[in-house]
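Trainee: I should like to learn how to read a structural model of a protein chain with a ligand. May we proceed feature by feature?

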Amino acid sequence: MSNTLEQLPILNVDRISVFYGQFQAVKEVSLEVRPGEIFGLLGPNGAGKTSTLSAIEGLIRPATGQIKVVGFDIVGQPLYAKANMGVQLQATSFQPELTIADILKLYAGVYGVKLTKEDVFNRLQEIKLEDAAEKKYGQLSGGQQQRVSLLIATIHNPALVLLDEPTTGLDPQSRRQLWDRIEAIRAKGHGVLLTTHSMEEAEAVCDRIAIIDHGRIIAIDTPERLIALHREDPEVISVSRKGRITLEDVFIGLTGRAVRS
Ligand SMILES: Nc1ncnc2c1ncn2[C@@H]1O[C@H](COP(=O)(O)OP(=O)(O)OP(=O)(O)O)[C@@H](O)[C@H]1O
């Protein structure tokens, strides 16, 4: 198949820097999300993950570097770039008084997607909320709200899906269900970039990860290769527990034990 998605990286971030006044939060960050890849951005609090995502989403303009979504420059061709991107909004971004069906139709309209009543039912059935169409958003549990927000992020079938800590606060069942949905996006040949503080999540679903610290990427590889590469590091061995090296040990070995202010 000579599909564009298969030829281009879904996302190409090339040496971007983000400043807040004099403070540089993101330092020459480069990464690529390939077709059919789930890419995890990991880092301690304040490392620069959200700032990087905000630049990719076109919310902040990087001082240097370039970001392309399926070949479209987020600064030069923002409408094309954004049309190919789905962003999972925080659960609190939605109006709690609106019904789920209304929210779905509203956002479908924003993306130019027409939804019949049957489409709404089918989409909600996919996330096991078909009985909640007329419920108010504010009446849903946290996990149900997360499911709705991922559904909305993908309503226009975008090539790139950006998820900022998508499973924080979810119970194990909801987290597994969300992982399944993220893997279904990958199975379509699309790309997912997610941030997470859960090393278990990174190991379970991410094909490749980047560890960012103080605004800089300090490691980028598959979780398995990162563990293999660093398993003999004295810093990693010193933080390991129960005689087994995990991705979390590698993460702490590389970023240090100190809690960030
Ligand atoms: N609007 C802003 N103005 C000034 N500084 C900011 C702003 N937003 C973020 N920062 C700073 O930039 C740095 C990176 O923040 P960012 O939110 O990108 O980190 P993060 O990796 O997403 O952290 P967390 O895991 O805590 O969400 C931090 O030092 C933060 O204090």
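Trainee: How many helices and strands are there in the protein chain?

Mentor: This is a predicted model. The protein chain has 11 helices and 10 strands.

Trainee: How compact is the protein chain for its 261 residues?

Mentor: The radius of gyration is set against the value that the globule rule gives. Here the radius is 19 Å and the rule gives 18 Å for 261 residues, so the protein chain is as compact as a globular protein of that length. Along the principal axes, the C-alpha atoms fill a box of roughly 60 × 45 × 45 Å. Buried residues account for 35% of the 261 residues.

Trainee: What share of the contacts with a separation of 6 or more joins residues 24 or more positions apart?

Mentor: That share is 66% in the protein chain.

Trainee: Let us turn to the sheets. In what order do the strands of the 4-stranded open sheet lie, and how do they pair?

Mentor: The order is E2-E1-E4-E5, and the pairing is antiparallel. An edge strand is recognised by pairing on one side only, and here the edges are E2 and strand E5 (72-73).

Trainee: How are E1 and E2 joined?

Mentor: Strand E1 (residues 11-20) and E2 run antiparallel, with 7 bridges between them. Two of the bridge partners can be named: Asn12 is matched with Glu32 in E2, and Leu11 with Val33 in E2. The two strands form a hairpin with 2 residues between them, and Gly21 in the turn has a positive phi of about 65°.

Trainee: Where do the side chains of a regular strand point?

Mentor: In a regular strand they alternate between the two faces of the sheet.

Trainee: What is the strand order in the open sheet of 6 strands?

Mentor: The order is E6-E7-E8-E3-E9-E10, and the pairing is mixed. Its edge strands are strand E6 (85-87) and strand E10 (216-221), each of which pairs on one side only. With direction ignored, neighbouring strands of this sheet are turned by 15° against each other on average.

Trainee: Do E7 and E8 run parallel or antiparallel, and how many bridges join them?

Mentor: Strand E7 (residues 160-164) and strand E8 (residues 191-195) run parallel and are joined by 5 bridges. Within this pair, Leu162 stands opposite Leu193 in E8.

Trainee: Which strands does H2 lie across, and at what angle does H2 run to E7?

Mentor: H2 lies across strand E3 (37-42), E7, E8 and strand E9 (208-213), and runs at about 150° to E7. H11 also packs on the sheet, where H11 touches E3, E9 and E10. The direction of H11 makes about 30° with that of E9.

Trainee: Which residues surround the ligand?

Mentor: The surrounding residues are Tyr20, Phe23, Ala25, Gly43, Asn45, Gly46, Ala47, Gly48, Lys49, Thr50 and Ser51. Strand E2 (23-33) and helix H2 (49-56) are the elements that give two or more residues to this shell. H2 supplies the largest share, 3 residues. By residue class, the shell divides into 4 nonpolar, 6 polar and 1 charged.

Trainee: How should one read the sign of phi?

Mentor: Most residues other than glycine have a negative phi. Positive values in such residues therefore deserve a separate look.

Trainee: What is the phi of Asn157, and where does Asn157 lie?

Mentor: Phi of Asn157 is near 55°, a positive value in a residue other than glycine. Asn157 lies in the loop between helix H6 (142-153) and E7. It counts as partly exposed because 13 C-beta neighbours lie inside 10 Å.

Trainee: What is the phi of His214, and in which loop is His214 placed?

Mentor: His214 has a positive phi of about 45°, although it is not a glycine. Its place is in the loop between E9 and E10. With 15 other C-beta atoms within 10 Å, His214 is partly exposed.

Trainee: Why does Lys242 count as exposed or buried?

Mentor: The cut-off for an exposed residue is 12 or fewer other C-beta atoms within 10 Å. Lys242 has 5 such neighbours and therefore counts as exposed. Lys242 is in the loop between helix H10 (234-239) and helix H11 (247-255). The C-alpha atoms of Lys242 and Gln177 are separated by 29 Å, and the two residues are 65 residues apart along the chain.

How values were computed
Residues numbered from 1 in each chain as written. Predicted model: local features only at pLDDT ≥ 70, side-chain atom pairs only at ≥ 80, totals over all residues. Near = placed C-beta within 6 Å. Nonpolar A, V, L, I, M, F, W, Y, C, P; charged D, E, K, R; others polar. Buried ≥ 20, exposed ≤ 12 C-beta atoms within 10 Å, placed from the backbone. Rg over C-alpha atoms; globule rule 2.2 N^0.38 Å. Contact = placed C-beta atoms within 7 Å. Pairing = 2+ DSSP bridges. Axes fitted to C-alpha atoms, helices over the stretch in contact; angles between N-to-C directions.
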